[in-house]
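Reader: I would be grateful for a close look at one pair of packed elements in this model. Please then place that pair within its wider surroundings.

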Amino acid sequence: MSLTLHPLRDYLPGEYGLAGSMPDEVKNRSVELVSCNSQEVVPGTLFICKGAHFKPEYLADAARRGAFAYVSETPYPGVDLPGILVGDIRPVMADMAAMYYNYPCRHLNVIGITGTKGKSSTAYYLKYILDEYLVPMGKSCGVISSIETWDGVERFESHLTTPEPLELQKHFYNARMSGMEYLVMEVSSQALKYHRTLGVGFTAAAFLNIGMDHISPIEHPDFEDYFRSKLKIFAQADFSCVNLDCDHAQELLEAAQSVPGAAVFTCSRRNPAASVYGHDVRKVGGDILFQVDAARLGGDYRLTMPGLFNVDNALAAIAVCQGLNIPREAVRAGLEKARVPGRMEVYSSENGDVTAIVDYAHNRLSFETLFRSVAEEYPGRRLVTVFGCPGKKAFDRRRDLGQVSGEYSDLVILTEEDSGEEDTLSICGEIAAHVACECRIEPNRGEAIRQAVLSCREPSVLLITGKGAETRQKRGLAYIDTPSDVDYVKAFLREYDARWGRG
């Protein structure tokens, strides 16, 4: 099924202004494409001027390529195109993107997951569960995450937790055209604050937890803004899931319950009154077993993915499945098979003295949870941590991650982690000021991981955090291909084994 094209007049609500005159023949012209990338423009494009790095020459280039009108917060009289002037480009872009792609999420069960930590793991747990449920029907579940995007047409490594509206709606459209019924997505605070998901109707919304993160002049000015931005997800959902064990749980519950007609499911490891209550958590070999009390979905469950803290993510996934009426057999099988690329991936030297854990942990809450879990699972071992912080975002992480890593580690090695337009050495220096244990700075990420592995002369656990299975680094405005942390760890463990690991 091809897109139904709309004339430009359908994109022109009455409150928008016009930059110059716009003849009826322009208003009646079909919009062949809505885009904010001048390189994509084809004849008949409605071009959107947006972004901190936008330049007037991008609009001029779009005009040369065939754009016949533009949308902007600012008029550009030097470009011979009629313009649509708006007060805030972000919600307008969300509306236009949904219209261009014919409102595809209305034909999908979209499950939105937000929280300070655990979004990726919970998204993949749900994908594995829903894939189990859909296999007999010859279908699969889509995913839009900070790790990977799969929409039935495109599969690629992601670089943004929640895409901008034009890309997001394209993924919904692809999923619908591919016959998908379910799509699981991570929803960031930035996406909610800046209207990337405006107009998206979530069949289910899961709120996992809340902690301090993304506090900076260019993200959220304070915790209150961060928290209130995330709360917006409830108003867009048919039903919600709330973790009763997280901070501010009562506020979350009240916000979810305030949405007219929306059911609310809860999960907990502390409160037996939760819709999904998890207990009797134990580690057996490499697996994690736990018991669940829940209507229709109660019983024994098993996770074969490491990390005791993942039980919380599994309980949230089970609560969502309760609202979706997914059979218990699919839930159990999906959780047992579930894997998350780059999340709690464990590799060991041949003599067992070096255990390297690759994980995406990147904020205070996820760091504290990861370190506590590792201390419980690997008592008495030397601990080495390798990480960095991204450029121009979440500045508080530099203090927080420095403090937490210094509290738990014997050695911290600071390195590049999507420095972008900032200097890697400067970022590492800021983090190092808060590290209380031995600390080194090695801006080359591969070399930092190599030093961590080859420094081991006693039983050690290495935590390589932040990048997981990602294969690109953001340098300046570009993403540069690099080996993943998984690739580095495997290579340097082989070097360790060849040198002295077998002795």
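In what kind of crossing does helix 7 pass helix 8?

Author: The crossing of helix 7 over helix 8 is right-handed (the near helix is turned clockwise from the far one by less than a right angle; anticlockwise would be left-handed). The model is predicted: local features need pLDDT of at least 70 and side-chain atom pairs pLDDT 80 or more, while totals for chains, interfaces and linings use all residues. Residues are numbered from 1 along each chain as its sequence is written, and side-chain values use heavy atoms, without hydrogens or water.

Helix 7 covers residues 223-231 and helix 8 covers residues 249-257 (helices are DSSP runs of H or I with at least four residues, strands E runs of at least two, numbered from the N terminus). Their axes lie 11 Å apart and make an angle of about 35° (lines fitted to C-alpha atoms over the stretch in contact, with angles from 0 to 180 degrees between N-to-C directions). Helix 7 brings F227, R228 and L231 to the contact, and helix 8 brings E251, L252 and A255 (heavy atoms within 4.5 Å). By class, four of these residues are nonpolar, none is polar and two are charged (Ala, Val, Leu, Ile, Met, Phe, Trp, Tyr, Cys and Pro are nonpolar, Asp, Glu, Lys and Arg charged, the others, Gly among them, polar).

The loop between strand 12 (237-243) and helix 8 contains H248. Most residues other than glycine have a negative phi. H248, which is not glycine, has a positive phi near 65°. Its relative accessibility is 34%, so H248 counts as partly exposed (buried is under 20%, exposed over 50%, partly exposed in between, with a 1.4 Å probe and protein chains only).

A second helix pair can be set beside this one. Helix 4 (residues 119-134) and helix 10 (residues 328-337) have axes that come within 8 Å and cross at roughly 130°. The crossing of helix 4 with helix 10 is right-handed. On the side of helix 4 the contact is made by Y125, Y128, I129, E132 and Y133, and on the side of helix 10 by A330, V331, A333, G334, L335 and K337. That contact has eight nonpolar residues, one polar residue and two charged residues.

The chain reaches helix 10 from helix 9 through a loop that includes N325. Phi of N325, which directly follows helix 9, is positive at about 60°. With 55% relative accessibility, N325 counts as exposed. Helix 9, by contrast, has 13 of its 15 residues buried and is therefore largely enclosed by the rest of the structure. Helix 9 (residues 310-324) should span 21 Å at 1.5 Å a residue, and its end C-alpha atoms are 21 Å apart, which agrees (the expected span is 1.5 Å times one less than the number of residues).

Helix 5 (residues 165-177) also agrees with its expected span: its 13 residues should cover 18 Å, and its end C-alpha atoms are 18 Å apart. Its buried residues are P165, L166, L168, Q169, H171, F172, Y173, N174 and A175. After helix 5 comes G179, with a positive phi near 85°.

Finally, A62 lies in helix 2 (residues 56-65). A62 has a relative accessible area of 0% and is therefore buried. Beyond its neighbours within four places in sequence, A62 is in contact with S38, V41, F47 and A67. Between A62 and C36 there is a separation of 26 residues in sequence, and their C-alpha atoms are 9.1 Å apart.
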